[in-house]
Amino acid sequence: MPSRPLWLFDSPLLRQALAHVNLPAVPAIVRAACGLSQRDLAGIVGWNPATLSYYERGQRDGMFDVRTVLQFADAVGMPRGALLPLVLSDVAVGQMADTECEMSVKLSRRGSGSLVAAGSPSVSVLRIVSGSHVRYWQACTDVLYIRDRAVGGTALLSSALQQWQRVAPAIQGASAGEPDPQLLAAAGELALCTGWIALDAERLTLAQPLYEKARELAVSAGDVMLAVHVLTSQSMLHAEMAKAGPSREPARQALRLAYQAADEGRYIPMPPLHALIALRHASAASLLGDKAAFQAAIGQAKRELNRGPRDGDPPQRLRSVSEAEITETEATGYLNLGDAARSAMLYQQVFACELSPRNRASYGAGLAGALLRQGAPQEAIAAATEVLPALEGGVTSMRCLNRLRPIRRAAGNIAWAQGFRERFDAAEQALAATCSLPRDDAPLMNDGSPGTGYETLTSGRPRSLPA
């Protein structure tokens, strides 16, 4: 996988097929990547299944017609820039630059919550949505979650927003008739995933309306598990906002959302979901200084996780709930409570677990922050330096980078830390260039630094599902 994915199913295999003009292999590679049948993919593109079969076997030369290739790319949401290896016969071309990131994106908070992209390539609006489209959206969401754990949200934000830009108008069109619950749930899953990616890219005010739309779709679809997961995500979002300023209201809202998630999800036989709810409760309690409630919630999360799945495998969005995440939440909570020594000890323990590249970098940044709070700047800079290779080598999490920012400030006047400062600044510039979505959605705080925009968000209680 390239360090800067150009689109959802970008892969060395696909690039090689394009560079070697092996165009019949392109639809087969995409099908394999998203787990679709020939009938499903043909339905999405608007072809007869037999025609697709002929194309893939090379019995017809239709894929060598540029109009056919463009029709296929547009139908599956592939940016046309992804076809550059075909034009230039170079596997790596376009790998580090995504022109889609240059689009000016705003998320409307009215109506359907669809994306409005000014100056971006037009996205075809689906007139007829079938079960094949639903399965494709589900595959896109799963791939986004998997890639996020590998490379972080910043590089994926453009692709996720573009996919949501295609789905939102289709949902709006479907609402005119009798909405299909599976259609609504699949769209809600994509909105939830895109919201998380925006959060990891530190676009909190972009994540908020995506979460609100995901909640609305989950309620309309009657999908209680999805609705509860959205509540846990909204709780995490408010917890992140609570770290940005002195106001305790975001932390209180995070706690209220965790309680609501526990109430609405009490009958769902999915221990990882209940473990996640407990972790959100623990985070909010630590931000409010309630040590007893924090420790009780961490204990509850551990008990739930030990029960294992009782209703089959958890969905992709819940597979990150693990012993490592519990330990990391516990470490962050103790740091919020002022116990930096215990936080650092827990962070060191978590590295014994199997971690994704993004999480390993994020937890390393957390360890560096705990060491700095403990009064050990030299050890903190050393720990932060160990995170830099990940940020230099493809992990594109602005949230992770920002966790290292206090260490960068602490290293400002230390002569021997010059190498760290230079590498951090270079990684920051490279990450900012990865996706240049505008930051006018984030108002400025009094000191001129980018704020969370918490005061602009709605604070009303989300609608509830019937028990």
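Helices (H or I, at least four residues) and strands (E, at least two) are taken here as DSSP runs, numbered from the N terminus. The model on screen is predicted, and local features were accepted only at pLDDT of at least 70 and side-chain atom pairs only at pLDDT 80 or more, whereas totals for chains, interfaces and linings use all residues. Residues are numbered from 1 along each chain as its sequence is written, and side-chain values rest on heavy atoms, with hydrogens and water left out.

**Two loops with positive phi**

Begin by selecting V21, which lies in the loop between α1 (12-19) and α2 (25-34). Most residues other than glycine have a negative phi. V21 is not a glycine, yet its phi is positive, at about 55 degrees. Its relative accessibility is 38%, and V21 therefore counts as partly exposed (buried means under 20% relative accessible area, exposed over 50%, and partly exposed in between, with a 1.4 Å probe and protein chains only).

Move next to S89, in the loop between α6 (84-88) and β1 (104-107). S89 is another residue other than glycine with a positive phi, near 55 degrees, and with a relative accessible area of 53% S89 is exposed.

**A cavity beside helix α8**

Rolling a probe the size of a water molecule over the atoms shows where empty space is left. For this search, a 1 Å grid was laid over the protein atoms alone, and a cavity is a set of points where a 1.4 Å probe fits but cannot get out, with lining residues having an atom within 4 Å of a point. Grid points are joined across faces, edges and corners, and a volume is the space filled by probe spheres set on the points. The whole structure yields 4 cavities of 30 Å³ or more.

To view the second largest cavity, select W7, L8, V76, G77, Y136, S159, Q162 and Q163, which line it. The volume of this second largest cavity is about 50 Å³. Helix α8 (residues 157-174) supplies the largest share of the lining, 3 residues. Sorted by class, the lining has 4 nonpolar, 4 polar and no charged residues (Ala, Val, Leu, Ile, Met, Phe, Trp, Tyr, Cys and Pro count as nonpolar, Asp, Glu, Lys and Arg as charged, and the others, Gly among them, as polar).

**Cysteines**

Now colour the cysteines. A disulfide would be a pair of cysteine sulfur atoms within 2.5 Å, and a search of the whole structure finds 0 disulfides. C193 is accordingly in none, and the nearest cysteine sulfur, that of C140, is 9.9 Å away. C193 is buried, with a relative accessible area of 0%, and C400 is also buried, at 1%.

**Salt bridges**

The structure holds 22 salt bridges, each being a side-chain nitrogen of Lys or Arg within 4 Å of a carboxyl oxygen of Asp or Glu. Select D148 and R358, whose side chains meet in one of them at 2.8 Å, N to O. This pair links distant parts of the chain, with D148 in helix α7 (residues 131-151) and R358 in helix α17 (residues 357-373), 210 residues apart. D148 counts as buried at 2% relative accessibility, and R358 counts as buried at 6%. Add D200 to the selection to see a network of salt bridges linking D148, D200 and R358.

Continue to R403 and E328, whose side chains meet in a salt bridge of 3.4 Å, N to O. Here too distant parts of the chain are linked, since R403 is in helix α19 (residues 398-403) and E328 in helix α15 (residues 323-336), 75 residues apart. R403 is partly exposed, with a relative accessible area of 22%, whereas E328 counts as buried at 12%.

For a further example, select R266 and D263, which form a salt bridge with their closest N and O atoms 3.2 Å apart. R266 is partly exposed at 39%, and D263 counts as partly exposed at 41%.

**Helix α12 and helix α18**

Within helix α12 (residues 249-264), select Q260, a buried residue with a relative accessible area of 4%. The C-alpha atoms of Q260 and V228 are separated by 8.2 Å, although these residues are 32 residues apart along the chain.

Finish at helix α18 (residues 377-392), whose 16 residues should span 22 Å at 1.5 Å a residue, in agreement with end C-alpha atoms that are 22 Å apart; the expected span is 1.5 Å times one less than the number of residues. The buried residues of α18 are A380, I381, A383, A384, V387, L388 and L391. An α-helix has 3.6 residues a turn, so residues three or four places apart point the same way. Just after α18, select G394, which takes a positive phi of about 135 degrees.

Conventions: 1 Å grid on protein atoms, 1.4 Å probe; cavity = no way out; pocket = protein on both sides within 12 Å on 5 of 7 lines; lining within 4 Å.
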